[in-house]
Amino acid sequence: MTSASADYSHAEGYGTLTLGNYQHAQGIFNAPSSTAGAFILGNGTNNANRSNLIYAAGNTVQITGSLLVSGSGITVSGSLRTDSTASAALFVGTIDGGTF
């Protein structure tokens, strides 16, 4: 069941839930959050196994899974890092005038 239970929130897809005000949830069986204004793209398999492919709130975007970015004009502002659980990281391109 899809349910938007907070003020000014919207849920679409299958089994999606919104718990915070001003949220948008879409996809299938998202892992809900009470954070106001969150954008959530669920990719869970059932009610007992909820997960999110994309979760965005405030100034943070979390992607769970792989991210493929391509193009000739990609700009990174700020820091680009991997966490300690990453098995390998590959970056080929230019950051701040340096080629990697």
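These points concern a predicted model and cover a hairpin, a nonpolar surface patch and one serine.

1. The hairpin. Strands E6 (residues 52–57) and E7 run antiparallel and are joined by four bridges. One of the pairings puts Ala 57 opposite Thr 60 of E7 as its bridge partner. Two residues lie between the strands of this hairpin, and Gly 58, in the turn, has a positive phi of about 60°.

2. The surface patch. Leu 53, Val 61, Ile 63, Leu 67, Val 69 and Ile 74 together make a nonpolar patch on the surface, with an area of about 530 Å². E6 spans residues 52–57 and E7 spans 60–63, so the numbering places Leu 53 in E6, and Val 61 and Ile 63 in E7.

3. Leu 67. This patch member sits in the loop that links strand E7 (60–63) with strand E8 (94–95). Leu 67 counts as exposed because its relative accessibility is 60%, and the cut-off for that class is over 50%.

4. Ser 9. Is Ser 9 buried or exposed? Ser 9 is buried, because its relative accessible area is 17% and the class takes values under 20%. The residue belongs to the loop between strand E1 (3–4) and strand E2 (10–11).

5. Surroundings of Ser 9. The side chain of Ser 9 comes to 2.8 Å from the backbone oxygen of Ala 6. With neighbours within four places in sequence set aside, the contacts of Ser 9 are Ala 4, Thr 18, Gly 20, Tyr 22 and Gln 23.

Definitions and conventions
Residues numbered from 1 in each chain as written. Predicted model: local features only at pLDDT ≥ 70, side-chain atom pairs only at ≥ 80, totals over all residues. Heavy atoms only, no water. Patch = residues over 30% accessible without salt bridge, like charges linked within 9 Å, V, L, I, M, F, W, Y side chains within 5 Å. Areas by Shrake-Rupley, 256 points an atom, 1.4 Å probe, with all protein chains shown as cover. Salt bridge = Lys/Arg side-chain N within 4 Å of Asp/Glu carboxyl O. Buried < 20%, exposed > 50% of the residue type's maximum accessible area, 1.4 Å probe, protein only. Polar contact = N/O pair within 3.5 Å; in protein donor to acceptor, adjacent residues only side chain to side chain. Contact = heavy atoms within 4.5 Å. Pairing = 2+ DSSP bridges.
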